[in-house]
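Visitor: I would like to go through this model with a few questions on confidence, packing and charge pairing.

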Amino acid sequence: MRSRWLMCGLLALALFAGSARGASAAVIFSDNFNSENGGTGALNFFGFTNWTVSAGTVDLIGNGFFDFLPGNGLYVDLDGSHKDAGVMTKSPSIALGAGNYVLSFSLAGSQRGSAEDVVAKVFGNNSSNYGTLSVVALPSSTPFQTQTINFTLAAPDPAVRFS
């Protein structure tokens, strides 16, 4: 097993404020990769509008370009074509007030018939982690599935980051 994300499709990444269940929640941030690079895939892509690639390499794929999951628009292969697992961080950070939040994103397996992947998602600010979602042994053939993380901030935080 590898301990890196192989393919993470943040196709419908959304951060909601309100109840932890999402009822009467307001969207704070939402992103997809469909307009990146003029809507065209690219290997070793670093020019994301809302994200910084801080380590390794990532590929912007889909829309017929190395499209392992057709019909899902553009998405990101965080292992990249160099097999040097990338780290993407929301940039700039997001200021959040005290309250309940829901982070939602789509995640898929590598689709390459490789070994199962261990996936870990950590979020917080520069000094604190608010939570971790671990998807142990994500099979390569797993299609996009929505993942959610509920969390509560006891106090406002002006610099929450998602990586």
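The turns below take up those topics one by one.

Visitor: What pLDDT does the chain average?
Guide: This is a predicted model, and confidence varies along it. Over residues 1-12 the pLDDT is below 50, although this stretch has 62 contacts beyond near neighbours in sequence. In the chain, 72% of the residues score at least 70, and the average pLDDT is 78.

Visitor: Which strand supplies the largest share of the largest nonpolar core?
Guide: That core has 25 residues, and those touching the most other members are Phe33, Phe48, Val58, Leu60, Val76, Met88 and Leu96. Strands that each supply at least two residues include β3 (51-55), β5 (74-77), β11 (145-153) and β12 (157-162). The largest share, 4 residues, comes from β8.

Visitor: How many residues are in the other core that lies apart from it?
Guide: Among the members of this other core are Ile61, Tyr75, Ala108 and Phe144. The core's residue count is 5.

Visitor: How far apart in sequence are the parts that the pair Asp77 and Arg112 ties together?
Guide: The count comes to 1 salt bridge, and Asp77 forms it with Arg112, with the closest N and O atoms 2.1 Å apart. Asp77 lies in strand β5 and Arg112 in the loop between β8 and β9 (117-124), so the parts tied together are separated in sequence by 35 residues.

Visitor: Is Arg112 buried, partly exposed or exposed?
Guide: Its partner Asp77 has 0% relative accessibility and counts as buried, since the cut-off for buried is under 20%. Arg112 has 33% relative accessibility, so Arg112 counts as partly exposed.

Notes:
Residues numbered from 1 in each chain as written. Predicted model: local features only at pLDDT ≥ 70, side-chain atom pairs only at ≥ 80, totals over all residues. Heavy atoms only, no water. pLDDT = per-residue confidence, 0-100. Contact = heavy atoms within 4.5 Å. Core = buried A, V, L, I, M, F, W, Y, C linked by side-chain atoms within 4.5 Å. Buried < 20%, exposed > 50% of the residue type's maximum accessible area, 1.4 Å probe, protein only. Salt bridge = Lys/Arg side-chain N within 4 Å of Asp/Glu carboxyl O.
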